[in-house]
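Colleague: Please take a close look at one part of this model, a single strand and what lies around it, and then work outward through the contacts that tie separate stretches of the chain together. I would like each term given with its cut-offs.

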Amino acid sequence: MLLHIVKRDFQRNKIITTILFVFIMLSALLMATASHVLMELTSSLNNLLSLSKAPHFVQMHTGPIDKRGIEDFARTDPLVKEHQTVEMLRIDGSNIYIGSLEQPEANSVMDIGFVRQNGSFDFLLNLENQVIQVALGEIAVPIYYMQQKNLKLGDIVLIQTERFKREFKIVDFVRDAQMNPAMVSSKRFVISREDFAVLKENGGDIEYLIEFRLTDLSKLSDFSSNYFSSNMPNRGPAIDYSLITLLNALTDGLIAIVIIIVSFLLMVIALLCLRLTIVATMEEDYQEIGVMKAIGLSNLDIKRIYLAKYIVISALATCCGYLLSLLTMNLVTANISLYLGAVTRSLISYIIPFLAVGLTFCIVVISCRAMLRRLNRISAVESLRSSISMKSKTPIGRIQLSRSKYLGVTVFLGIEDIFRRVTMYTLLFFVYALNVFIIMVPLGLLHTLQMPSFISYLGVGQSDIRIDLPQSANTQQTFSQITTAINNDPDIEKFSPLITSRYKVQKDEGIWESVNVETGDFTIFPLSYMSGSAPKGTHELVLSDLLAKDLNKKMNDTVVIKMGEAQVKMRVSGIYQDITNGGRTAKAQIPYDSKNVIWHVIALDVKPDVSVDEKVDQFTEAFYPAKITHLKSYLVQTLGNIVRQLQVVTILAIVISLSITVLITSLFLKMLLAKEAPQLAMLRSLGFTIRDIQVQYLLRMLLLGGTGVIIGTLGTVTIGQGLVHAAGSFMGAPKINLEFNPFSTYVLYPLFFLATISMTSLLNARAKNKNSIAEQISK
């Protein structure tokens, strides 16, 4: 009987039922897809970290190293389970040709290092998640380059200097738990031990990776404090297991969050559509409901009849959404499979998305029950006495034609109907506003990531060019020479030399924590401050957001920092955003610690009439072995993978939003035209043309659509901005401001959105008028 009721209702309202089915199915599809992404991300990442035996703590170090001291420290520290010191040979990109023998990697932001396969842990894996083994003359290249340069097995990697040349054949691609993500600016190439020895003899700089695995991962912070308090080698960045996990999960995790947001918005639209459908159905069945009440059926019995229909529709729609998600699973998880590796899916990886779909089903059914309470207000006597359906709430106001001097009759009738039945039209207005929101948030996020100003969220000021000087025995001398040359260059408008050293900062518990502190003048290229301003003088410093939270410090608080043997108190003058180095950094105008220098950087702007690209090429040749980077190129190379995936999600959001706009407009107009058929026949008999009637409906839709665009845009810059802030807070940038292309945001997309509404309205109104008006008049 239940299926019979559903079948009969579907035959009577095919379009309405189909549209409702599609909305619920799309919501379930996206919810299941996001759950699949999260489950795949979690299982693949855990599998990669397990198979590679990822280190729990890594200290990079450039310069002389005391291996015996490291051995003694590891042997005496009870937290150390195993350790190893890995040599990584860094060779300047200008001497490396990957795939193409015409263009070297001189302008790449990536630091290229050559390593041998590790023996104990931190294994470098291939695309099958097996430990890579290469022979003489062979090389395994990071997945990042495979994707960026479309490399294939058998391609060549050439290393060529003035006195040395060697070719390597690509036999595998590296899946590196430490350096996989594009945001990590170091990449490891695997070569044989024999080739490594030859390269080491013929140039390059050795950087050491001092790696540890612990007996108790929960005590990672204690081990880190012990390491730095023991005066162990630390001339370089340090990373830990939590940062490795975060960086690997960041790209696909962000995409999953965007999909979940779109899914919830679709669910809201589906519920609004459902409410519209239920109200229209009860108005259409008004007298039938009165008859059922008159013959003794209770409100509960009648609710069950209607609820059963929507339960069947929701169940079929959510099941279809889940089944479609199984078909699209490999497509949406392709990036995860490439960078982290595919894993055999367990039963739980199917159960969690099914539960997410079940949640969608439950929300729809519960909402239906709430909406069907309107049945309680229907009186059997009133419904049998009159064919007039349930009355709407009192209108918010009425406008009079006699007082509307500047409105024609057609325009007046179109606008007046909205004010007369504001409750009904409010539903359509909210759907339009949500559709605009669905488009604008991904667009804003995409545009923000592509803006040059996004560099400020990486803990650096916005400049044209950035010069990084690798640490070596004569780094300070080279740094001074480059600074002098830039100061005397007439093409340079302004520049700022910065040196990062490692200092010890005291926490509230009296524990000393090692922190990277960058020293220099931070008024030349300002940071993105959440509060406060740049440090002035040697008594002030600024903290990154995550470091400030870790130290439990706020504006104007005092921080104790150890400089040599002295403990110096400094005032916190500002808090800035930084998503690099784990988001825990500081900046000050204090003398740098020459014994613990990590890196040297120079930021500079060229004059307006100077070509940045030409200047980059000039500096690359003149300042060898410094790394010269165009800041726009830096963003493209580090955030390119995130941007590409977000572009796919944005296109999907636009297609879904516009499709929903077409469907909901068609649904609304179909019900409205059916309900107003007698009134339309009366207007035709009074001399109104089909075009006049089309204009009335078009004006209503455009007024609602235009208001929806305004409110949807306002929602994007308020609620959407809040969602971005919430996501950024986990990475150290809780105040990321959405940037929009003014022409696209405020002109192009609103016009396209309104054009979609206009075309849909005209087509539906024209079809209905041609097919139904004559029949109504004859009747």
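Modeller: What follows begins with one strand and its partners, and then turns to a cavity, the salt bridges, backbone angles and a surface patch.

This is a predicted model, in which local features need pLDDT of at least 70 and side-chain atom pairs count only at pLDDT 80 or more, while totals for chains, interfaces and linings use all residues. Residues are numbered from 1 along each chain as its sequence is written, and side-chain values use heavy atoms, with hydrogens and water left out.

The strand is S13, residues 512-519 (strands are DSSP runs of E with at least two residues, helices are runs of H or I with at least four, and both are numbered from the N terminus). Eight of its eight residues are buried, so S13 is largely enclosed by the rest of the structure; buried means under 20% relative accessible area, exposed over 50%, and partly exposed in between, with a 1.4 Å probe and protein chains only. Both faces share this burial: Trp512, Ser514, Asn516 and Glu518 point one way, whereas Glu513, Val515, Val517 and Thr519 point the other way, and all are buried.

S13 has strand partners of two kinds, where pairing requires that DSSP finds at least two bridges between the strands. With S12, residues 492-506, S13 runs antiparallel and is joined by eight bridges. With S18, residues 585-588, the sense is parallel and the bridges number four. Glu518 can be followed into both pairings, since Thr500 stands opposite this residue and Lys587 is its bridge partner in S18.

S12 also leads to the cavities. The structure holds eight of them at 30 Å³ or more, a cavity being a set of points on a 1 Å grid over the protein atoms alone where a 1.4 Å probe fits but cannot get out, with lining residues having an atom within 4 Å of a point. The largest has a volume of about 140 Å³, taken as the space filled by probe spheres set on the points, which are joined across faces, edges and corners. Its lining comprises 16 residues, of which Val460, Gly461, Leu498, Phe525 and Ala603 lie nearest the centre, and S12 and strand S19 (597-606) each supply at least two residues of that lining.

Side chains of opposite charge can pair when their charged atoms come close. A salt bridge here is a side-chain nitrogen of Lys or Arg within 4 Å of a carboxyl oxygen of Asp or Glu, and the count comes to 19. One of them brings Lys507 to Asp550, with the closest N and O atoms 3.6 Å apart. This pair links distant parts of the chain, because Lys507 lies in the loop between S12 and S13 while Asp550 is in helix H16 (residues 545-551), 43 residues apart. Asp550 counts as partly exposed at 28% relative accessibility.

On the other side of S12 in sequence, Lys615 and Asp489 meet in a salt bridge of 2.9 Å, N to O. Lys615 belongs to helix H17 (residues 612-622) and Asp489 to the loop between helix H15 (475-487) and S12, a separation of 126 residues; both residues are buried.

Elsewhere, Glu82 forms a salt bridge with Lys53 at 3.4 Å between the closest N and O atoms, joining strand S2 to the loop between H2 and S1 across 29 residues. Lys53, Glu82 and Arg213 are linked in a network of salt bridges. Lys53 is partly exposed at 27% relative accessibility, and has a positive phi of about 50° although it is not a glycine. Most residues other than glycine have a negative phi. Asn150, in the loop between helix H4 (143-149) and strand S6 (156-160), likewise has a positive phi, of about 55°, and is exposed with a relative accessible area of 54%.

S2 (residues 80-90) also contains Arg90, which counts as buried at 16% relative accessibility. Its C-alpha is 9.3 Å from that of Pro470, although the two are 380 residues apart in sequence.

At the surface, Ile710, Ile711, Leu714, Val717, Phe743, Tyr746, Val747, Leu748 and Leu751 make a nonpolar patch of about 840 Å². Patch residues have over 30% relative accessible area and no salt bridge, with nonpolar side chains (Val, Leu, Ile, Met, Phe, Trp, Tyr) joined within 5 Å and like charges within 9 Å; accessible areas come from the Shrake-Rupley method with a 1.4 Å probe, and for residues only the protein chains shown count as cover. Helices H20 (690-729) and H21 (742-778) are the elements that give two or more residues to this patch, and H21 gives the most, with five. Val747 lies in H21 and counts as partly exposed at 33% relative accessibility.

Terms used. On a 1 Å grid over the protein atoms alone, a cavity is a set of points where a 1.4 Å probe fits but cannot get out, and a pocket is an open set with protein on both sides within 12 Å along at least five of seven lines; lining residues have an atom within 4 Å of a point.
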